[in-house]
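Trainee: I've got a new structure open and no idea where to start. Can you walk me through it?

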Amino acid sequence: MQGKSRPCQRGFLHVCANMRRRLPHRHLSETQPMGDPLPSQGTSIMTIDEFRDCLLDYYQTEVRGEAFFAATLSKFDAPDHAYKLGSLLQLETETKARLRPTILELGGSVEELESSRSAGLSRAASISAGDWEGFVRVLNKVGEPLTNRQREVSEIAPQPYRELALSMKIHGESIQDFTDRELAGDSAHSIDSVVLQLKFPLRRS
Ligand SMILES: [Fe+2]
């Protein structure tokens, strides 16, 4: 039985700091099924407790992201921008909901912390109305460390949850892909990898 755990209350950029505690690791070879690709030599898979704490951080990051995108919507009038922001908001909302069953299964709390929402709103307040490139640059910078961590976790998550961890890597990479394409001028297809993940995609006008 896993103990109850409270999500961490940290800044917008924080990712899975609980994993940095000195907790016992199981070496990969103890649990890695035959046929699965092996992560880099010397890496250890996470314990269930570490992975649960990581999910709690992911969850609060989705809460922050949801507040951030929702508050940013009012700063941009162009239909294309509204569609892209709406799709990013939808991705955060759907991902948050998708994490809940596993968090509860592992004994964590799905309470949405007010501090997480505040962090998202505060970040949104730093975006100037109409400055689309500024918004994209902020999103790119904020998302980079998170996506890097999601890539790392996707390789060391405990086996029953590896697929979920991989989906979070895809989640992070899709947002980074959006920012990279926007900054490169590929406005027509920048949001495609985000939309591809949506269960309830928005209509593009
Ligand atoms: Fe997210």
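Mentor: Sure, with one term up front: helices here are DSSP runs of H or I with at least four residues, numbered from the N terminus. By that rule, Arg100 is found in helix H2. Keep in mind that this is a predicted model.

Trainee: Okay, is Arg100 buried, exposed or partly exposed, and why?

Mentor: Arg100 counts as partly exposed because it has 13 C-beta neighbours inside 10 Å, and the partly exposed class sits between the cut-offs of 12 or fewer for exposed and 20 or more for buried.

Trainee: How far is Arg100 from Tyr59 in space?

Mentor: They're 8.0 Å apart, C-alpha to C-alpha, while 41 residues separate them in sequence.

Trainee: And Ala97, where's that one?

Mentor: Ala97 lies in helix H2. It counts as exposed, because it has 12 C-beta neighbours inside 10 Å. Ala97 is also 35 residues from Glu62 in sequence, with 9.3 Å between their C-alpha atoms.

Trainee: Let's zoom out. How many helices and strands does the chain have?

Mentor: Six helices and two strands. Starting at the N terminus, the order is β-β-α-α-α-α-α-α.

Trainee: What share of the chain is buried?

Mentor: Of the 205 residues, 31% are buried.

Trainee: What about contacts between residues 24 or more positions apart?

Mentor: Those make up 75% of the chain's contacts with a separation of 6 or more.

Trainee: Tell me about H1. How many residues does it have, and how far does it reach?

Mentor: H1 covers residues 48-72, so to speak a run of 25 residues, and spans 36 Å from first C-alpha to last. That's close to the 36 Å expected at 1.5 Å a residue.

Trainee: Is H1 mostly covered or mostly open?

Mentor: Mostly covered, with 22 of its 25 residues buried.

Trainee: Which residues touch the most other members of the largest nonpolar core?

Mentor: That core has 28 residues, and Leu55, Tyr58, Tyr59, Leu88 and Ala157 touch the most other members. At least two core residues come from each of H1, helix H2 (79-105), helix H4 (132-156) and helix H5 (162-184). H1 gives the most, with ten residues.

Trainee: What does Leu88 contact, apart from its neighbours within four places in sequence?

Mentor: Leu88 is in contact with Phe69, Ile175 and Val194.

Trainee: Back to H1 for a second. At what angle does it pack with H3?

Mentor: About 40°, and their axes are 7 Å apart. H3 here is residues 114-125. The crossing of H1 and H3 is right-handed.

Trainee: Which residues meet there?

Mentor: On the H1 side, they include Gln60, Val63, Arg64 and Phe68. On the H3 side, you'll find Ser116, Arg117, Leu121 and Arg123 among them.

Trainee: What comes after H3? I clicked on Ser126.

Mentor: Ser126 sits in the loop between H3 and H4. It's exposed, because there are 9 other C-beta atoms within 10 Å. The C-alpha atoms of Ser126 and Val138 are separated by 9.3 Å, and these two are twelve residues apart along the chain.

Trainee: One more spot: where is Asp180, and why isn't it called buried?

Mentor: Asp180 is found in helix H5. It's partly exposed, because it has 14 other C-beta atoms within 10 Å, and buried needs 20 or more. From Asp180 to Ser190, ten residues along the chain, the C-alpha separation is 7.8 Å.

Trainee: Last thing: what's the mean pLDDT of the chain?

Mentor: It's 86, with 80% of the residues at 70 or more. Over residues 1-15, though, pLDDT is below 50, and the model gives that stretch 38 contacts beyond near neighbours in sequence. Residues 17-38 also stay under 50, and there the model has 30 contacts beyond four places in sequence.

Technical notes:
Residues are numbered from 1 along each chain as its sequence is written. This is a predicted model: local features need pLDDT of at least 70, side-chain atom pairs count only at pLDDT 80 or more; totals for chains, interfaces and linings use all residues. The expected span of a helix is 1.5 Å times one less than its number of residues. Two residues are in contact if their C-beta atoms, placed from the backbone, lie within 7 Å. A nonpolar core is a set of buried Ala, Val, Leu, Ile, Met, Phe, Trp, Tyr and Cys residues joined through C-beta atoms within 7 Å. pLDDT is the predictor's confidence in each residue, from 0 to 100. Axes are lines fitted to C-alpha atoms, for helices over the stretch in contact, and angles run from 0 to 180 degrees between N-to-C directions. A crossing is left-handed if the near helix is turned anticlockwise from the far one by less than a right angle, and right-handed if clockwise.
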